[in-house]
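User: I want the reasoning behind the labels in this model. Please set each value against its cut-off.

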Amino acid sequence: MPRQGLMAASGVVLARTRMGESGLWLTLFLKGEGLLRASAPGAESGHVRFGGGTEPFVWGTFQLHKGRAGGICLSGVDIADDMLPLRKRPRALYMAVRWARLIKRFLPSDYPADTLLANLYWNMRLLSAPSVPPAAAEWRFLWRWLEDWGLAPDLNRCARCGRVPDVPDRVMWTEDGLLCADCGQNTQGSRPSFTGKELGLLLRTAARDGESVARAFEKDESLKKNEALFALAARCAEGLLYEK
Ligand SMILES: [Zn+2]
């Protein structure tokens with residue numbers, strides 16, 4: 001953003017906290033800018049100054065003013081997508097809050113991350129789709145994030161011997177990548193494990209575009225039974241972000 005003056009950028013409100021009696025502090029995630037904190041004076045006063053544009057997970061174009069001292073102030077919002085279906089679905093909203101926390105934790109301030117921003121948008125759209133278990137959207141979001149940052153392990157073969165797991169074979173998820181039953185024999189402690197078939201479903205869900213994923217879940221009701229699988233895989237993927 002310029003050192004001083006006006007700018008506009010598209011993105012999302014990730015979080016907000018109160019500022020004084022009627023103002024807000026917003027954490028924005030913006031295209032070309034990354035994470036940025038902006039004040040929104042009067043956002044909570046009687047007249048709705050920003051027309052709902054300061055609600056968490058609202059996407060739009062944010063007009064900002066940077067003062068001489070470096071403080072950034074919101075001057076207007078053009079809402080592009082209010083994500084109302086997501087915000088009305090408690091489980092989806094819970095996931096979105098978790099994603100926002102992870103981004104705030106792992107993305108440095110003022111570091112543009114447009115691929116992550118697009119990944120966030122499309123998976124928030126997926127969170128809004130009633131046919132898709134929220135955990136599946138979470139897995140997809142986290143896996144794509146790992147891929148974008150070069151942190152994703154190879155899920156197609158054993159990290160030690162290179163064996164490709166068959167559909168019924170179980171492989172262990174470890175911090176060094178997947179291990180087949182033979183290579184993982186002496187691994188200490190219990191590790192999450194997946195069958196070759198489950199890995200196939202996880203990879204397909206992550207690789208397909210959002211609309212195809214939503215359609216696949218609509219067509220095949222039995223896919224919804226895999227919520228626990230997606231949740232476990234999402235925890236594994238999240239663990240890799242903490243290890244980086
Ligand atoms: Zn092996």
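User: Which residue in E3 is the bridge partner of Trp 25?

Analyst: Ser 39 is the bridge partner of Trp 25. One caution before going on: this is a predicted model.

User: What makes E2 and E3 a strand pair?

Analyst: The number of bridges. At least two bridges are needed for a pair. E2 and strand E3 (residues 34–40) have 7 bridges. The pair therefore meets the criterion. Its sense is antiparallel.

User: What joins E2 and E3, and which residue in the turn has a positive phi?

Analyst: E2 and E3 form a hairpin, with 3 residues between them. Gly 32 in the turn has a positive phi of about 75°.

User: How do you know that E1 pairs with E2, and in which sense?

Analyst: By the bridges again. Strand E2 (residues 23–30) is joined to E1 by 8 bridges, against a minimum of two. The two strands run antiparallel. One position in this pairing is Arg 16, which stands opposite Leu 26 in E2. E1 and E2 also form a hairpin, with 3 residues between them. In that turn, Gly 20 has a positive phi of about 65°.

User: How many bridges link E1 to E4?

Analyst: Strand E1 (residues 5–19) pairs with strand E4 (residues 59–66) over 8 bridges, in the antiparallel sense. Met 7 has Leu 64 in E4 as its bridge partner.

User: Why are E7 and E8 at the edges of their sheet?

Analyst: Start with the order. The sheet is open and has 3 strands, E7-E6-E8, with antiparallel pairing. Strand E7 (177–179) and strand E8 (193–195) each have a single partner strand, so each has one side without a neighbour in the sheet. On average, neighbouring strands here are turned by 35° against each other, direction ignored.

User: What supports the pairing of E6 with E8?

Analyst: Strand E6 (residues 170–174) is joined to E8 by 3 bridges, and the two run antiparallel. At least two are required, so the pair qualifies. Val 171 stands opposite Phe 194 in E8. Met 172 stands opposite Ser 193 in E8.

User: And how many bridges does E6 have with E7?

Analyst: E6 and E7 pair over 3 bridges, in the antiparallel sense. Trp 173 stands opposite Leu 178 in E7. A hairpin of 2 residues joins E6 to E7.

User: Now the helices. Why is H2 called roughly antiparallel to H3?

Analyst: Compare the angle with the cut-off. Helix H2 (residues 90–106) and helix H3 (residues 114–128) pack at about 160°, with axes 9 Å apart. Over 145 degrees counts as roughly antiparallel. H2 is therefore roughly antiparallel to H3. The crossing of H2 past H3 is right-handed.

User: Which residues make the contact of H2 with H3?

Analyst: From H2 come Ala 92, Met 95, Ala 96 and Trp 99; from H3 come Leu 120, Met 124, Leu 127 and Ser 128. By class there are 7 nonpolar residues, 1 polar and no charged.

User: Why are H2 and H4 described as roughly parallel?

Analyst: H2 and helix H4 (residues 134–148) pack at about 20°, with their axes 9 Å apart. The cut-off for roughly parallel is under 35 degrees. H2 and H4 therefore count as roughly parallel to each other. H2 passes H4 in a right-handed crossing.

User: Which residues of H2 and H4 meet?

Analyst: Arg 91, Ala 92, Met 95 and Trp 99 in H2 meet Pro 134, Ala 137, Glu 138 and Phe 141 in H4. The classes are 6 nonpolar, no polar and 2 charged.

User: What makes H3 and H6 roughly parallel?

Analyst: The axes of H3 and helix H6 (residues 210–219) cross at roughly 20° and come within 10 Å. Under 35 degrees is the test. H3 and H6 are therefore roughly parallel. The crossing of H3 past H6 is right-handed. Trp 122, Arg 125 and Leu 126 in H3 meet Gly 210, Val 213 and Ala 214 in H6. This contact has 4 nonpolar residues, 1 polar and 1 charged.

User: Last, where are the domains, and what separates their centres?

Analyst: Domain 1 covers 5–82 and domain 2 covers 129–243. Their centres, taken over C-alpha atoms, are separated by 36 Å.

Methods:
Residues are numbered from 1 along each chain as its sequence is written. This is a predicted model: local features need pLDDT of at least 70, side-chain atom pairs count only at pLDDT 80 or more; totals for chains, interfaces and linings use all residues. Axes are lines fitted to C-alpha atoms, for helices over the stretch in contact, and angles run from 0 to 180 degrees between N-to-C directions. Helices (H or I, at least four residues) and strands (E, at least two) are DSSP runs, numbered from the N terminus. Angles under 35 degrees count as roughly parallel, over 145 as roughly antiparallel, 65 to 115 as roughly perpendicular and the rest as oblique. A crossing is left-handed if the near helix is turned anticlockwise from the far one by less than a right angle, and right-handed if clockwise. Two residues are in contact if their C-beta atoms, placed from the backbone, lie within 7 Å. Ala, Val, Leu, Ile, Met, Phe, Trp, Tyr, Cys and Pro count as nonpolar, Asp, Glu, Lys and Arg as charged, and the others, Gly among them, as polar. Domain bounds come from an automatic or database domain assignment.
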